[in-house]
Amino acid sequence: MSPDSTIVTPAVDKAVAIAIGDLVHAERSADSWYINLPLIYYDGSFVTVNVRQVGHNFRVSDSGFTWREAEDIGISRRTYGQIASSVADNIGVSISERSLYVEVPAPMLHRAICDVAETSWRIVDRLSEKAFADEDEDELAETLTAKLLGLFGSEKVEPSASVRGATTNEWTVSAIVKFPHHSTVFQAVGSHPNSIYKASTEFRDLANLDRAPRLVAVVKDAKLLGPRIGLLSPAKILEEQYTDEMYRKAAA
Amino acid sequence: MPLRRLVDAAKLIAVPPVVWTPPEADGLTRFQTILSIDGVVEAGLTLSGVAYAREPDRHVTIELAVELVNGRRRTRLMRLDWRSLKGGHSNSRWKCSGAIAGVRVPATHLHSFDANWDDQRQWMKRGKLPCAEPVNENLLTFEDVRTFVGTSFRINNIDLVPKPPWEYNLFNVTGQHDSNPSG
């Protein structure tokens with residue numbers, strides 16, 4: 001017997017039985033069942049489907065939970081619709097305004113439950129990746145704004161300001177510091193590529209204005225951006241922990 | 001105000017009454033109300049709740065959150081999920097620490113501030129309060145939930161939150177929760 005092969009003990013049997021028993025939960029609710037599956041959304045909640053009988057068939061739906069997950073992380077209805085349609089089409093799941101669903105006869109119920117659950121998980125996975133990119137940036141913007149307010153005062157600093165670029169697109173920047181003869185845009189930039197690409201486009205649009213503001217990108221740690229940091233080139237780049245004096249110089 | 005102070009301070013619902021919205025097409029109803037600390041309304045500090053009209057006596061979420069100066073997004077501070085139809089919560093093995101790391105907690109659970117605070121970054125952990133702990137108290141009714149939230153979230157006039165506009169019928173009064181027919 002090799003050292004790796006051991007006898008299956010009662011402890012293993014018990015641990016595995018408990019884990020398996022915990023993989024799927026089901027709860028009856030009025031005329032339907034809620035089934036919690038071993039697929040976990042980014043936030044730790046379980047992908048859950050609802051099964052109810054409709055005539056001779058069974059309707060399996062996500063009960064609107066996918067949209068609610070998206071709504072909860074600030075995703076617009078339009079973005080949700082775009083992502084949800086492309087994912088659901090590939091798996092053969094239908095979409096109504098609020099829910100994902102399929103209707104099947106009993107022999108297909110197992111697969112239908114899996115399909116609706118997979119669709120829901122894939123949609124939320126794609127949307128949450130986008131939301132996390134913003135979260136990183138939002139957190140940095142928060143500390144940046146507090147720093148700028150401390151350095152320049154609330155009469156000069158406008159947090160979450162809107163600025164129109166040369167293309168007439170409107171950008172919401174982390175903050176603008178206004179001086180008598182010029183203004184300086186400070187933009188928090190997260191390490192996620194989406195955050196970098198967005199800032200890059202914004203900076204180029206603002207730099208093309210006739211009276212372009214000074215541009216400052218603030219990052220947590222320049223190393224985390226890798227070679228993409230070059231995309232921020234129209235702007236000066238500060239790290240979050242730089243001294244007050246460096247922030248003053250960048251704004252001036 | 002530092003996030004921990006917002007959680008630790010005694011708070012009051014600043015502008016009663018608290019009203020649940022008319023149920024949407026899927027039955028979802030919610031409330032949101034602003035809070036005060038030491039008699040001053042704290043900008044952006046909110047208590048909110050979500051329930052489903054057609055799912056009485058379960059699937060209630062109550063959350064404390066704040067919108068900060070630059071907040072395009074709420075920063076969540078604490079949340080209670082009561083008898084969630086999504087079957088509890090699975091804690092990440094690496095985002096959560098201590099006894100709750102990598103375990104599944106029941107359908108009633110608390111996403112506490114401490115479990116979701118990242119000491120290194122001095123901010124909340126990424127995600128929607130990713131770590132939850134079981135609730136030891138037996139919360140049988142909405143009134144029990146409200147009292148628990150008042151104590152945990154330190155909101156002294158929590159009784160101003162009314163019961164959700166639940167629609168009872170012959171089928172949805174089950175009294176059975178957290179069942180697992182697979183055993």
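Two strands pair if DSSP finds at least two bridges between them. Helices (H or I, at least four residues) and strands (E, at least two) are DSSP runs, numbered from the N terminus. This is a predicted model: local features need pLDDT of at least 70, side-chain atom pairs count only at pLDDT 80 or more, and totals for chains, interfaces and linings use all residues. Residues are numbered from 1 along each chain as its sequence is written, while chains are lettered from A and ligands numbered from 1 in the order in which they are written.

**Exercise 1.** Trace the strand pairing from E1(A) to E3(A).

*Solution.*
- Step 1. Start at strand E1 of chain A, residues 25-29. Five bridges join E1(A) to E2(A), and the two run antiparallel.
- Step 2. Find a facing pair: A:Glu27 stands opposite A:Tyr34 in E2(A).
- Step 3. Look at the turn. Two residues lie between the strands of this hairpin, and A:Ala30 takes a positive phi near 50°.
- Step 4. Move on to E3(A). Six bridges pair E2(A) with E3(A), again in the antiparallel sense. Here A:Trp33 stands opposite A:Val51.
- Step 5. Check the second turn. This hairpin has five residues between E2(A) and E3(A), and A:Gly44 has a positive phi of about 100°.

**Exercise 2.** Find which element gives the most to the largest nonpolar core.

*Solution.*
- Step 1. Fix the terms. A nonpolar core is a set of buried Ala, Val, Leu, Ile, Met, Phe, Trp, Tyr and Cys residues joined through C-beta atoms within 7 Å. A residue is buried if 20 or more other C-beta atoms lie within 10 Å of its own, exposed if 12 or fewer, and partly exposed in between; C-beta atoms are placed from the backbone.
- Step 2. Size the core: it has 32 residues, and A:Val49, A:Val60 and A:Ile113 are among those with the most contacts inside it.
- Step 3. List suppliers. Elements giving at least two residues each include strand E2 (32-40), strand E3 (46-54) and helix H4 (109-152) of chain A.
- Step 4. Pick the winner: H4(A) gives the most, with nine residues.
- Step 5. Zoom in. Beyond its neighbours within four places in sequence, A:Ile113 is in contact (C-beta atoms, placed from the backbone, within 7 Å) with A:Ile35, A:Val49, A:Val51 and A:Val60.

**Exercise 3.** Describe the side of chain B that touches chain A.

*Solution.*
- Step 1. Count the partners: 32 residues of chain B are in contact with 37 residues of chain A.
- Step 2. Sort the chain B side: nine nonpolar, 15 polar and eight charged. Ala, Val, Leu, Ile, Met, Phe, Trp, Tyr, Cys and Pro count as nonpolar, Asp, Glu, Lys and Arg as charged, and the others, Gly among them, as polar.

Terms used: Two residues are in contact if their C-beta atoms, placed from the backbone, lie within 7 Å.
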